[in-house]
Amino acid sequence: MFKKIAATVLSCMLIFSCASCTMKKPNDGNDENNVGTMKEIEYEQTKNAQKTGSNVNLVIPPASAAKTGAELTAYVMPDIDLENYNYYIVDWGDGTWSYNGPYVYNDDHKVMGEVYHTYKKAGSYKLKACAVNLGVGKLYGWTEEQTLTVTGDDYAGNMITGVSAISSANSDNAHSAAKIADGDNSTRWQSAVSDSVSSQDYVGYLFDGYYTLDTLEIKFPSDVQIFPSNISVEYTTDGGENWYMLPHYYYVLPNSEGLYSCIMNFPNPKGATLDLPLNQITANGIRIKSLLYPLSSSGVKYFAVEEMRVYGNKGTLLYTSYDGYYNADLSNMWAIFGIAKTEPRMYNSLRGASTNVEPFRSGQTMTASIEWTEWNGAQLNWSGYDEAVNIHVNSLKNAVYGGDGWYKDSSGKYVVDTSEYNNNSRDDGFIWATESAPQHLGEQNHYTNNPALIIASRDYLLTGNGTAGFLDSVNSRGQKMLDKLRKAMEYMLINLNGESGLMTIYDPRNDGTVRGVSSNYWDSLNFFGYNSAYENVLFYRSVLAMADIENYIGNTSDAEYYAELAPKIKRVFNETFWDDEAGRYITAINVKGDVLDFGVTFVNFMAASAGLASEEQAKLVYDWVDGKRIVEGDTSTGEDIYNFKVSARSNTVAVETIVEDGLHYWWYNGHSFNDVLPGHWGEYGNQMQNGGTIFYISHYDVSGRTVVSADNAIGRFNAIMDEFHKDQLRRDPRTKFGIYQVSINGEFPESGLVPLTFVTDVVGITPALKGLKIESNLPSDMSYAGVREYRYGNRVYSVEVNKNLSKPEIKKDGEKWSVKLPAGKTWYITLENKLIEE
């Protein structure tokens, strides 16, 4: 059912126009490229002179970690300000090189790049490293040798042997693609000689199925004198129709053509084998390609590879009954945006304190702010990415509450009190944006921090993954975790009057007027304030989460209070925010009583996903965004609402259409660079928060559609999958004002929520108080769907829901439990590893 989509080979857009690319026809159908039995590559030391240089430091792995079969990390860092982006290369001393990038190193950021390797044999190895400045192509280093002693038994890995060799045109029949698999160091694949420095020659494999990839090894001849200055590693999910770059090994955004050109000036391996981690990308083919030869070289230009091996495991992490490349693309969307191990971290910040800048914007694992904790946890808790999970959990433990910076005076007026705010003497229960800063960007109180912390903490508790002591943990201010959560809830119930069923933001700076500031993540939109639908959706969810937390510790009386409050909030929410005439939820009611409706799509999606909308209301919402009906006064209608394909426009009423006192509901009033006035960046359709879009809202879009039907939900999800197949969503459209029209990459780790929707709303896996809840929503044309590794309760489960099963099938496969369940029912796997049907 999943239609293949042709797309221009991505790499042709990176340095030169496609007209100047010289691409040969692949030899992937010839019998001469079929390969037989494969064996491990015999490594040999490089013949490269590797002249010792300066300005680079290498920190080798500690001896205690140096074991065969373990992924080791070496750290490379320049000691001069390069004011540019750099690749780092490590010679591991066993005949292999690894490289990683891009990284930055300048006055502001002293970044240690990470380069990875797994030794296969014990021994004593001499390591060295170099750095390549991507702006000018200058190589720094090599460093002096350092010795590392590795111990342990021989390690092999899972070599993929079901392969067929492919390549661009060979120089002759004696140098066919099949030579990369013959295990003979005296033979090689060799491309035809080219006169062009931009000749793009490649060699690689197509596989006999889909594999989740671990490592790629590529051995180069020792006698080749001219090596491509720029190389890339690419994978395919459709048998070679489309190829996508692995960004650790070469990557710039396609829209950077003419703005930035990488000059890798990659040193000639001369006999060494590149050993490159593939970070669980899923593919049915892989290749290495030359992108550029040295401009200064006058010798014969051709590309040659002696041997190539790929390691991995057959199958995909996420899967369905759909055929073709669907499951591979689905798993890759998760790999790229869900955990983002495949992605560069040029600032080496897993938390995303500094994010990748142009032209290297890519997927990201997490952001440090408390407002992101709910999203971070939903993506990471089950993933097995322990390093990231630990950082996330510590961000919950370290969160602080304090003063909110305003109070009610004796006359009943709400006023700002900056003196109290600045000396941090109050402990109102307002959860700060970060451990050290109350406000978002130093200017905005966000009233989503409190519910986000509660929801994220509940989700972590209910995964059962090492939660001992979590609620008793204490932050730097001596605030106990459980007390902090209760304080956060009390603040919303009492200070913000949430007990009434409607949370009201009394902060005079967040009053929902044109002179106010936003109260949430959408920081340009100052109509979010006072009685705001966005914050009240999260308030409702946090009350349900708090009921779970209190039940978790056996405090049933408080749990019952929250359980009884939730229906009241739902009723008041719909009484306050549902507009019968428009058939959608309004945006807010400000402190003056003005009813504001900007056609905010994501508020409607969030309400439907949270269970606040009835089936009838949800159908009206989706008929509106799908263009089946028009709401009078909307700027965007019909098919235009999904103009950007991957997600709906953020709002259907242009901010600039409503003016009050000469101002708009826009944080940047009067700021020419980003105002909503005609011809400025903020004008409707130019900017993500005004007629543009942010990808993550599709998570709530698809999730909310399940209220209508599973077919409705999968229709929207598959439209996103169609777009993903074109370029893996490595896009950052640029208007004449810059980026941030369609925000997917860069500082948007919440993009990972979109592939997560498959897990939570199609397979239907969510942690619950009773256990791991599995309540599937399979569309009519999908007979089964599953997740091959889901971590819950310190166990690993493979979970499949299947329409053709009449009873559960459970077996233990090594350390993993395989659970196949009849679809259309509700199941729970308890922490005690028992299966319960509801």
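This briefing walks through the pockets, cavities, aromatic contacts, cysteines and backbone features of the structure above. The model is a predicted one. Its second largest pocket has a volume of about 1200 Å³, and the count of aromatic pairs comes to 53. A search for disulfides across the whole structure comes back with zero. Happy reading!

**The second largest pocket**

- The second largest pocket, at about 1200 Å³, is lined by 43 residues, and those closest to its centre are Arg 458, Arg 541, Ser 609, Thr 766 and Pro 767.
- Six helices and two strands can be looked up here: H2 (373-380), H5 (449-463), H7 (533-552), H9 (601-609), H11 (697-705), H13 (753-763), S32 (765-767) and S33 (772-775) each supply at least two lining residues.
- Helix H7 gives the most to this lining, with six residues.
- By class, the lining of this pocket holds 23 nonpolar, 12 polar and eight charged residues.

**Enclosed cavities**

- Three cavities of 30 Å³ or more are found in the structure.
- The largest cavity has a volume of about 100 Å³, and among its 16 lining residues Pro 344, Arg 345, Asn 356, Gly 363 and Gln 364 lie nearest the centre.
- The lining of the largest cavity divides into five nonpolar, 10 polar and one charged residue.
- The second largest cavity holds about 60 Å³ of space, and its lining consists of Glu 371, Glu 374, Trp 375, Thr 448, Ala 452, Tyr 521, Tyr 534, Leu 538 and Tyr 700.
- Helices H2 and H7 are the elements that give two or more residues to the lining of the second largest cavity.
- That lining comprises six nonpolar residues, one polar residue and two charged residues.

**Aromatic contacts**

- Among the 53 aromatic pairs, Tyr 506 and Tyr 530 form an edge-to-face pair, because their ring centres are 6.3 Å apart and their planes stand at 80 degrees.
- Both Tyr 506 and Tyr 530 sit in the loop between helix H6 (481-495) and strand S25 (531-532), 24 residues apart.
- Tyr 506 counts as buried, at 17% relative accessibility.
- Trp 522 and Phe 602 make a stacked pair, since their ring centres are 3.9 Å apart and their planes are at 10 degrees.
- This stacked pair ties together parts that are 80 residues apart in sequence, because Trp 522 lies in the loop between H6 and S25 and Phe 602 lies in helix H9.
- Trp 522 is buried, with a relative accessible area of 0%, and Phe 602 is buried too, at 1%.
- Trp 522 and Phe 602 also belong to one aromatic cluster, whose other members are Trp 372, Trp 375, Tyr 521, Phe 527, Phe 528, Tyr 534, Phe 598, Tyr 665, Tyr 696 and Tyr 700.

**Charges over rings**

- Lys 341 is placed over the face of Tyr 385, 4.5 Å from the ring centre.
- Arg 788 is likewise over the face of a ring, that of Tyr 319, at 4.1 Å from its centre.

**Cysteines**

- With zero disulfides in the whole structure, Cys 130 has the sulfur of Cys 262 as its nearest cysteine sulfur, 16 Å away.
- Because a disulfide needs two cysteine sulfur atoms within 2.5 Å, that 16 Å separation leaves Cys 130 outside any such bond.
- Cys 130 is buried, at 0% relative accessibility, and Cys 262 is buried as well, at 2%.

**Backbone features**

- Gly 101 and Pro 102 are joined by a cis peptide bond, with omega at about -5 degrees; Pro 102 belongs to strand S5 (residues 96-104).
- Another cis peptide bond joins Glu 358 and Pro 359, with omega at about 5 degrees; Pro 359 falls in the loop between helix H1 (326-339) and H2.
- Asn 55 is not a glycine, yet it has a positive phi of about 75 degrees.
- The loop between strand S1 (22-23) and strand S2 (56-59) contains Asn 55, which counts as partly exposed at 24% relative accessibility.
- Asn 279 also has a positive phi, near 60 degrees, and is located in the loop between strand S16 (273-277) and strand S17 (282-292).

**A residue of helix H5**

- Asp 459 is part of helix H5 and is buried, with a relative accessible area of 15%.
- From Asp 459 to Ala 582 the C-alpha to C-alpha distance is 35 Å, with their positions 123 residues apart in sequence.

Key
Residues are numbered from 1 along each chain as its sequence is written. This is a predicted model: local features need pLDDT of at least 70, side-chain atom pairs count only at pLDDT 80 or more; totals for chains, interfaces and linings use all residues. Side-chain values use heavy atoms; hydrogens and water are left out. Buried means under 20% relative accessible area, exposed over 50%, partly exposed in between (1.4 Å probe, protein chains only). On a 1 Å grid over the protein atoms alone, a cavity is a set of points where a 1.4 Å probe fits but cannot get out, and a pocket is an open set with protein on both sides within 12 Å along at least five of seven lines; lining residues have an atom within 4 Å of a point. Grid points are joined across faces, edges and corners, and a volume is the space filled by probe spheres set on the points. Helices (H or I, at least four residues) and strands (E, at least two) are DSSP runs, numbered from the N terminus. Ala, Val, Leu, Ile, Met, Phe, Trp, Tyr, Cys and Pro count as nonpolar, Asp, Glu, Lys and Arg as charged, and the others, Gly among them, as polar. Rings of Phe, Tyr and Trp (its six-membered ring) pair if their centres lie within 6.5 Å; planes under 30 degrees apart count as stacked, over 60 as edge-to-face and the rest as tilted. A charge sits over a ring if NZ of Lys or CZ of Arg is within 6 Å of the ring centre and within 35 degrees of the ring normal.
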